[in-house]
Amino acid sequence: MEASETGNPPLDGQVALVSGGLGDIGRATALALHRAGARVAVSDLAPVRTGRRMSPEFHYTRVDVSDPEAVRDWVARVERDLGPLSLVVCNAGLVVPMGALETTQAVWERTLAVNLTGAFLLAQEAARRMVRRRRTGRIVFVGSWAGHVPHAQITAYSVAKAGLRMAMKCLAVELAPAGILVNEIAPGIVDAGLSGKLMARRRGLREKTRRKIPVQRLLEAEDVARGVVSLCQPENRHMTGSVVLMDGGLSLKGPI
């Protein structure tokens, strides 16, 4: 990561929140923000003692992002401990492989509660605080190429990510005059998390999947993290309401 004109890291002194920070993408993003100079707070559902294993340099809190009170308490605690925030990465998510006809109401509601409602609640609470303090900032939603290409076996997840995109655009319009830029990074198939574990379990699946991607490469969690950090750069002063699609051309072909 290049230093700024002052010689300091580009995000020096900024406070960043990353939800779902113990997952592969969340952890990679938190580390990338930290290397860029930010003070980073992460949340997840794991017990606090598990979160502390990530790094003593990170502020960790156990949070269910679908609980508005828990989100408010987390953001308030981070600002009390680290200072006013200016960077927010709404990354917490879950996916249950299940087709439309098999999807239960419980799976549907929980998937939307975490992936859509939880992301919105965090962005909303953070933005309210930034606006009150007249602070500019960056909010990045971690979406998915599944938000615009139908995926029959992850119906609830695809619907949640499609809704997330519209939430991002609505927030971008409303927050632009306050200098708060809101964008989405939409990864394709990442060789990490649930998809990484699935490919590791099924012999030959990783190579088969790789060949179907036009660029012939799977994403790594660190690739996504670099994309998030780029959207948080102070030099990014005009991009808002945008989707950074990192799918290697998958969406040009449709579901695999």
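Start by selecting helix H8, residues 221-232, in this predicted model. Helix H8 lies across S4, S5, S6 and S7, and its direction is at about 165° to that of S6.

Next, show the strands that H8 crosses together with the rest of their sheet. The sheet is open and has seven strands, in the order S3-S2-S1-S4-S5-S6-S7, with parallel pairing. Colour the two edges: strand S3 (59-62) and strand S7 (243-246) each pair on one side only. Between neighbouring strands of this sheet the average turn is 15°, direction ignored.

Now zoom in on one pair inside the sheet. Select strand S4 (residues 87-90) and strand S5 (residues 137-142), which run parallel and are joined by four bridges. Within this pair, pick Val 89; the residue opposite, in S5, is Val 140.

Keep S4 and S5 displayed and add helix H4, residues 105-133. Helix H4 lies across strand S1 (15-19), S4, S5 and strand S6 (180-187). Relative to S4, helix H4 runs at about 170°.

From S5, follow the chain into the loop that leads to helix H5 (155-175), and stop at His 151. Is His 151 buried or exposed? With a relative accessible area of 16%, His 151 counts as buried, because the cut-off for buried is under 20%. Draw a distance from the His 151 side chain to the backbone oxygen of Val 149: the value is 2.6 Å. Then display Trp 145, Ala 146 and Ser 158, which are in contact with His 151 when its neighbours within four places in sequence are left aside.

The last stop is the packing of nonpolar side chains. The largest nonpolar core has 32 residues. Select Leu 11, Leu 33, Val 40 and Ile 185, the residues with the most contacts inside this core. Two or more residues each come from S1, helix H1 (24-35), strand S2 (39-44), S4, S5 and H8. The tour thus returns to its starting helix: H8 gives the largest share of this core, seven residues.

Centre the view on Leu 11 and show what surrounds this side of the core. Not counting residues up to four places away in sequence, Leu 11 touches Leu 33, Ala 36, Gly 37, Ala 38, Leu 87, Val 229, Cys 232, Gln 233 and Pro 234.

Finally, clear the selection and pick Ala 41, Ala 119, Ala 123 and Leu 171. These four are among the residues of a second, separate core, which has 30 residues.

Definitions and conventions:
Residues numbered from 1 in each chain as written. Predicted model: local features only at pLDDT ≥ 70, side-chain atom pairs only at ≥ 80, totals over all residues. Heavy atoms only, no water. Pairing = 2+ DSSP bridges. Axes fitted to C-alpha atoms, helices over the stretch in contact; angles between N-to-C directions. Contact = heavy atoms within 4.5 Å. Buried < 20%, exposed > 50% of the residue type's maximum accessible area, 1.4 Å probe, protein only. Polar contact = N/O pair within 3.5 Å; in protein donor to acceptor, adjacent residues only side chain to side chain. Core = buried A, V, L, I, M, F, W, Y, C linked by side-chain atoms within 4.5 Å.
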